[in-house]
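Here is a quick walk through one structure, with an eye on how its pieces pack. Have the viewer open as you read.

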Amino acid sequence: MDNTYIIEFFKMLFTFVILMDPVGNIPPFLSVAGSYERKTQLRILKEAILISGLVLLVFAIGGYFILEFFGIAPGSFYVAGGIIFFTIALDMINSKPRARHSPQSTLDPSETTMIAVFPLAFPLIAGPGMITTILLYTASGNVTLSTFIMVVLAVSAGLIIEYFVLRSATLLLKILGTTGLFVLEKIVGLILAGLSVQFVYEGLQKLGILALGK
């Protein structure tokens, strides 16, 4: 495989993992699923990952037709995506430490699927940032099959990472602590802020507002 494709794949994967924010999702996951027995927690997590994957796949396949239907130029979506990423980054940077909150122990097990859908699958895993990024990569009229395959593989790898991180949520929280999670989220937020500016820059280039760089 060409090194260019390898670099592009890992760039996609890195972006997806940042937006899925598996480490930052540890406290919310434990908050909504922490009172369940281990088997039930894993079922909730598996359902959330599966639902997220299906949602993102739908947007990966139909993204181009969505933008075409609404008459949105790819460059405009790049700028919009960059703005959305920047707001997510600011939220990460300005957030306060999130401790684990113990939910009620009387939750009905029949509600586990609803918990998997909301808030885990959406908006924590397959949120607006992830959907926007999928559209950015796949909604261009000249998107290639190799790019589409890389997106699917990167999303799949990101969801696997999300699964194993949240599967080990209790252990990771003990190791990192609330402060460790807090600091790590700030670092990720700064990286995402830089990526958001890059998306806006590329969008302005696609729209012809800025001259293309050499």
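## Tyr163 and its ring partner

Let's start with Tyr163, which is buried, with a relative accessible area of 15%. Keep in mind that this is a predicted model. The cut-off for calling a residue buried is under 20% relative accessible area, so at 15% Tyr163 makes the grade.

Tyr163 pairs with Phe164: the ring centres sit 5.2 Å apart and the planes meet at 80°, so this is an edge-to-face pair.

## The other rings

How many aromatic pairs does the count come to? It comes to seven. One of them is Phe85 with Phe199, another edge-to-face arrangement, at 5.1 Å centre to centre and with 65° between the planes. Phe85 belongs to helix H4 (residues 74–94) and Phe199 to helix H8, so this pair ties together parts that are 114 residues apart in sequence.

Are these two rings buried or exposed? Phe85 is buried, at a relative accessible area of 0%, and Phe199 counts as buried too, at 8%. Tyr78 also comes into the picture, since ring pairs link Tyr78, Phe85 and Phe199 into a cluster.

## H1 against H7

Now for the helices. In general, two packed helices are described by the angle between their axes and the distance between the axes. Helix H1 (residues 3–20) packs on H7 at an angle of about 40°, and the axes are 9 Å apart. That angle makes H1 oblique to H7, and the crossing of the two is right-handed.

On the H1 side, the contact is made by Tyr5, Glu8, Phe9, Met12, Leu13, Phe16, Val17 and Met20. Their partners in H7 include Met150, Val151, Ala154, Ile161 and Glu162. Sorted by class, the residues of the H1 and H7 contact are 15 nonpolar, three polar and two charged. If you look at the spacing along a helix, remember that an α-helix has 3.6 residues a turn, so residues three or four places apart point the same way.

Thr15 is another H1 residue to click on. With 2% relative accessibility, Thr15 counts as buried. Setting aside neighbours within four places in sequence, Thr15 is in contact with Thr133, Tyr137 and Leu195.

## H6 against H7

H7 also packs with helix H6 (residues 128–138), at an angle of about 160° and with the axes 9 Å apart. H6 and H7 are therefore roughly antiparallel to each other, and H6 passes H7 in a right-handed crossing.

Which residues of H6 do the touching? They are Met130, Ile134, Tyr137 and Thr138, and they meet Thr147, Phe148, Val151 and Val155 in H7. This contact has six nonpolar residues, two polar ones and no charged ones. Val151 of H7 is also listed in the contact with H1, and Tyr137 of H6 is one of the residues touching Thr15.

## H2, a buried helix

Helix H2 (residues 26–33) has six of its eight residues buried, so H2 is largely enclosed by the rest of the structure. The buried residues are Ile26, Pro27, Pro28, Phe29, Leu30 and Ala33. What do they pack against? Their neighbours are helix H3 (38–70), helix H5 (112–125), helix H7 (145–167) and H8.

Zoom in on H8 (residues 169–206): H2 packs with H8 at about 125°, with the axes 10 Å apart. The two helices are therefore oblique to each other, and H2 passes H8 in a left-handed crossing. Ile26, Pro27, Phe29 and Leu30 of H2 meet Ala169, Thr170, Leu172, Leu173 and Leu181 of H8. The class count for this contact is eight nonpolar, one polar and no charged residues.

## Backbone oddities

A few backbone spots deserve a look. The peptide bond from Phe118 to Pro119 is cis, with omega near 15°, and so is the bond from Phe122 to Pro123, again with omega near 15°. Pro119 lies in helix H5, and Pro123 is found in H5 as well.

Then there is Asp21, in the loop between H1 and H2. Asp21 has a positive phi of about 50° although it is not a glycine. Asp21 is also buried, with a relative accessible area of 11%.

Note on methods: Residues are numbered from 1 along each chain as its sequence is written. This is a predicted model: local features need pLDDT of at least 70, side-chain atom pairs count only at pLDDT 80 or more; totals for chains, interfaces and linings use all residues. Side-chain values use heavy atoms; hydrogens and water are left out. Axes are lines fitted to C-alpha atoms, for helices over the stretch in contact, and angles run from 0 to 180 degrees between N-to-C directions. Helices (H or I, at least four residues) and strands (E, at least two) are DSSP runs, numbered from the N terminus. Angles under 35 degrees count as roughly parallel, over 145 as roughly antiparallel, 65 to 115 as roughly perpendicular and the rest as oblique. A crossing is left-handed if the near helix is turned anticlockwise from the far one by less than a right angle, and right-handed if clockwise. Contact means heavy atoms within 4.5 Å. Ala, Val, Leu, Ile, Met, Phe, Trp, Tyr, Cys and Pro count as nonpolar, Asp, Glu, Lys and Arg as charged, and the others, Gly among them, as polar. Buried means under 20% relative accessible area, exposed over 50%, partly exposed in between (1.4 Å probe, protein chains only). Rings of Phe, Tyr and Trp (its six-membered ring) pair if their centres lie within 6.5 Å; planes under 30 degrees apart count as stacked, over 60 as edge-to-face and the rest as tilted.
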